[in-house]
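Grab a coffee and work through these exercises with the structure open beside you. Try each task before reading its solution.

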Amino acid sequence: MAGRNDNSWGHPGIYAGALLLIGVMLGPVVYIIIGGFRTNAQITTDPAGLPDPWETANYTNVLGGSSFWRQAGNSTIVAVATTLAVVLLGVMASYVLARYRFRGRGAMYALFAAGLMFPVTVAITPVYILVKSLGIVNTLPGVILPQIAFALPTTIIILVPFLRAIPREIEEAAAIDRCSRLGFFWRIVIPLSVPGLVTTGILAFVNSWNSYLLPLFILNDSDSFTLPLGVQAFSSEYSVDTAKVLAFTSLSMIPALAFFSLFERRIVGGLTGAVKG
């Protein structure tokens with residue numbers, strides 16, 4: 001029993017490896033955030049040192065400008081619209097694929113699964129041609145619509161097991177109570193699928209917020225830039241002011257990091273439920 005208790009916490013090497021991996025992943029993020037509190041002279045003299053003294057002027061200058069807030073607003077509009085559309089369309093399509101039997105259902109599900117292997121980098125040229133033909137180049141809808149399409153495969157793959165795991169007895173009981181199929185979907189299916197909906201919503205939001213390649217091709221006007229493009233433009237404009245660039249970069253990534261950190265357990269729980277389903 002004593003030996004078993006001694007090993008209950010696992011091998012120390014595993015923890016050392018995990019801490020090393022965490023340090024490698026978080027190191028650049030911490031460096032960028034702290035770098036925004038330094039001056040260019042401090043960065044040049046001691047690139048790896050701590051701020052001495054801590055300067056807040058870089059952050060206040062970025063927050064005091066209009067470009068950051070305009071780009072943050074554009075990113076928020078794109079991310080929120082993409083997330084809502086992906087969750088709504090995804091749960092509708094997943095409900096049909098999970099609960100109904102019809103010819104071609106397996107092929108349709110396989111088509112969505114194949115979408116996971118079709119990255120935006122491969123499709124960027126035809127997507128741009130399609131967006132241009134629709135006349136929505138250099139507009140936020142021109143970014144939102146393709147992002148919805150590329151996020152749907154992941155959403156459907158996660159939600160189908162959730163909806164398939166709902167017992168048939170619940171649906172039969174709802175039918176006996178004269179609940180329509182649409183009523184069953186809104187009143188029972190949606191509440192039971194909340195963990196999966198939250199998971200897919202978070203993934204869609206974070207991916208949309210961090211999207212760079214698609215907005216780079218679609219958006220040309222600085223007034224419509226999202227934050228990833230704003231970081232690039234800001235870095236080009238203030239290329240000699242490294243500390244200010246680090247401050248702008250850290251401010252642009254903090255919302256996504258905070259959002260992901262707050263709902264991390266929801267993501268793990270949702271993915272676990274999808275695997276069990």
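**Exercise 1.** Work out whether Y95 is buried or exposed, then classify its ring pair with Y100.

*Solution.* Start with accessibility: Y95 counts as buried because its relative accessibility is 6%, where buried means under 20% relative accessible area, exposed over 50% and partly exposed in between (1.4 Å probe, protein chains only). Next, the rings: the centres of Y95 and Y100 are 5.6 Å apart and the planes sit at 80°, so this pair is edge-to-face. For reference, rings of Phe, Tyr and Trp (its six-membered ring) pair if their centres lie within 6.5 Å, with planes under 30 degrees apart stacked, over 60 edge-to-face and the rest tilted.

A note on ground rules: this is a predicted model, where local features need pLDDT of at least 70 and side-chain atom pairs count only at pLDDT 80 or more, while totals for chains, interfaces and linings use all residues. Residues are numbered from 1 along each chain as its sequence is written, and side-chain values use heavy atoms, with hydrogens and water left out.

**Exercise 2.** Find how many aromatic pairs the whole structure holds, then classify F68 and W69.

*Solution.* A search of the whole structure turns up ten aromatic pairs. F68 and W69 make an edge-to-face one, at 5.3 Å centre to centre and 80° between the planes. Now check accessibility: F68 is buried at 5%, whereas W69 is exposed at 51%.

**Exercise 3.** Which residues form one aromatic cluster with F68 and W69?

*Solution.* Add F234, Y238 and F248 to F68 and W69, and you've got the cluster.
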